[in-house]
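This report addresses strand pairing, salt bridges and aromatic contacts in a single chain. The sequence and structure are shown below.

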Amino acid sequence: QVQLVESGGGLVQAGASLTLSCRFSGRSFSMYGMGWFRQAPGKEREFVAAVSWDGGTADYADAVRGRFAISRDNAKSTVVDLQMNSLKPEDTAVYYCAADWAGDTTEILSTRLYDYDFWGPGTQVTVSS
């Protein structure tokens with residue numbers, strides 16, 4: 001069974017930067033695409049960023065493209081990071097890390113919530129104006 005644990009959330013001012021980390025354990029990290037999603041109060045969970053199983057391809061939601069960066073290095077660790085720059089109050093949400101088993105798809109990564117097999121408990125990010 002895969003376990004995911006997020007860390008790095010907190011309270012920051014608008015314009016600040018924050019890095020979220022997700023530690024993966026339980027199975028072979030390199031067999032999973034990884035994604036970050038977020039859920040604001042009263043809203044549905046939405047896609048933020050995803051990275052392919054080998055770290056070679058990434059995709060972002062339009063709302064964060066150019067400000068956020070997802071990364072992984074399978075040779076060094078089983079951690080996927082989300083670097084968040086120029087944070088805005090509308091980025092306030094609980095951020096969730098998720099793992100998508102790459103063995104059941106030909107897609108290099110997924111932006112779809114329902115494709116992900118395992119989820120972390122989430123970490124709160126609050127951006128004040």
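## The β7–β8 hairpin

In this predicted model, strands β7 and β8 are joined by a hairpin of six residues. The two strands are antiparallel, and five bridges pair β7 with β8, the latter covering residues 79-84. Two of the residue positions can be named: S71 lies opposite D81 of β8, and R72 has V80 of β8 as its bridge partner.

## The open sheet

The hairpin belongs to an open, antiparallel sheet of four strands, arranged in the order β1-β3-β8-β7. Strand β1 (3-7) and β7 occupy the edges with a single partner strand each, so each has one side without a neighbour in the sheet. From one strand to the next, the twist averages 15°.

Strand β8 also pairs with β3, which spans residues 18-25; this antiparallel pairing has six bridges. Within it, T19 has Q83 of β8 as its bridge partner.

## Salt bridges

The model contains seven salt bridges. One of them joins R65 to D59, with the closest N and O atoms 3.7 Å apart. Both ends of this bridge are partly exposed: R65 has a relative accessibility of 44%, and D59 has a relative accessible area of 24%.

Shared partners connect salt bridges into one network that contains R38, E46, R67 and D91. Within this group, R38 takes part in a salt bridge with E46, where the closest N and O atoms are 2.7 Å apart. R38 also meets D91 in a salt bridge, at 2.9 Å from N to O. The bridge between D91 and R38 links distant parts of the chain, since D91 lies in the loop between β8 and β9 (93-101) whereas R38 lies in strand β4, 53 residues apart.

## Burial within the network

Which members of the network are buried, and which are partly exposed? R38 has a relative accessibility of 7% and is therefore buried. D91 is likewise buried, because its relative accessibility is 1%. E46, by contrast, is partly exposed, with a relative accessible area of 37%.

R67 has a relative accessibility of 11% and so counts as buried, although this residue is located in a loop, between β6 (58-60) and β7 (68-72). Leaving aside residues up to four places away in sequence, R67 is in contact with Q83, M84, N85, S86, L87, K88 and D91. Of these contacts, D91 is also a member of the salt-bridge network that includes R67.

## Aromatic pairs

There are seven aromatic pairs in the model. One of them, between F24 and Y32, is tilted, with a centre-to-centre distance of 5.3 Å and an angle of 50° between the planes. F24 and Y32 are both buried.

Why does the pair of Y32 and F118 count as edge-to-face? The two planes stand at 65°, with the ring centres 6.2 Å apart, and an angle over 60 degrees places the pair in that class. This pair too links distant parts of the chain: Y32 is in strand β4 (residues 32-39) and F118 is in strand β10 (residues 118-119), 86 residues apart. Y32 and F118 are both buried.

Y32 thus takes part in the tilted pair with F24 and in the edge-to-face pair with F118. Ring pairs join these residues and F29 into a cluster made up of F24, F29, Y32 and F118.

## An arginine over two rings

The charged end of R45 is positioned over two aromatic rings, those of Y96 and W119. Its distance from the ring centre is 3.6 Å for Y96 and 5.0 Å for W119.

Notes
Residues are numbered from 1 along each chain as its sequence is written. This is a predicted model: local features need pLDDT of at least 70, side-chain atom pairs count only at pLDDT 80 or more; totals for chains, interfaces and linings use all residues. Side-chain values use heavy atoms; hydrogens and water are left out. Rings of Phe, Tyr and Trp (its six-membered ring) pair if their centres lie within 6.5 Å; planes under 30 degrees apart count as stacked, over 60 as edge-to-face and the rest as tilted. Buried means under 20% relative accessible area, exposed over 50%, partly exposed in between (1.4 Å probe, protein chains only). A charge sits over a ring if NZ of Lys or CZ of Arg is within 6 Å of the ring centre and within 35 degrees of the ring normal. Contact means heavy atoms within 4.5 Å. Two strands pair if DSSP finds at least two bridges between them. Axes are lines fitted to C-alpha atoms, for helices over the stretch in contact, and angles run from 0 to 180 degrees between N-to-C directions. A salt bridge is a side-chain nitrogen of Lys or Arg within 4 Å of a carboxyl oxygen of Asp or Glu.
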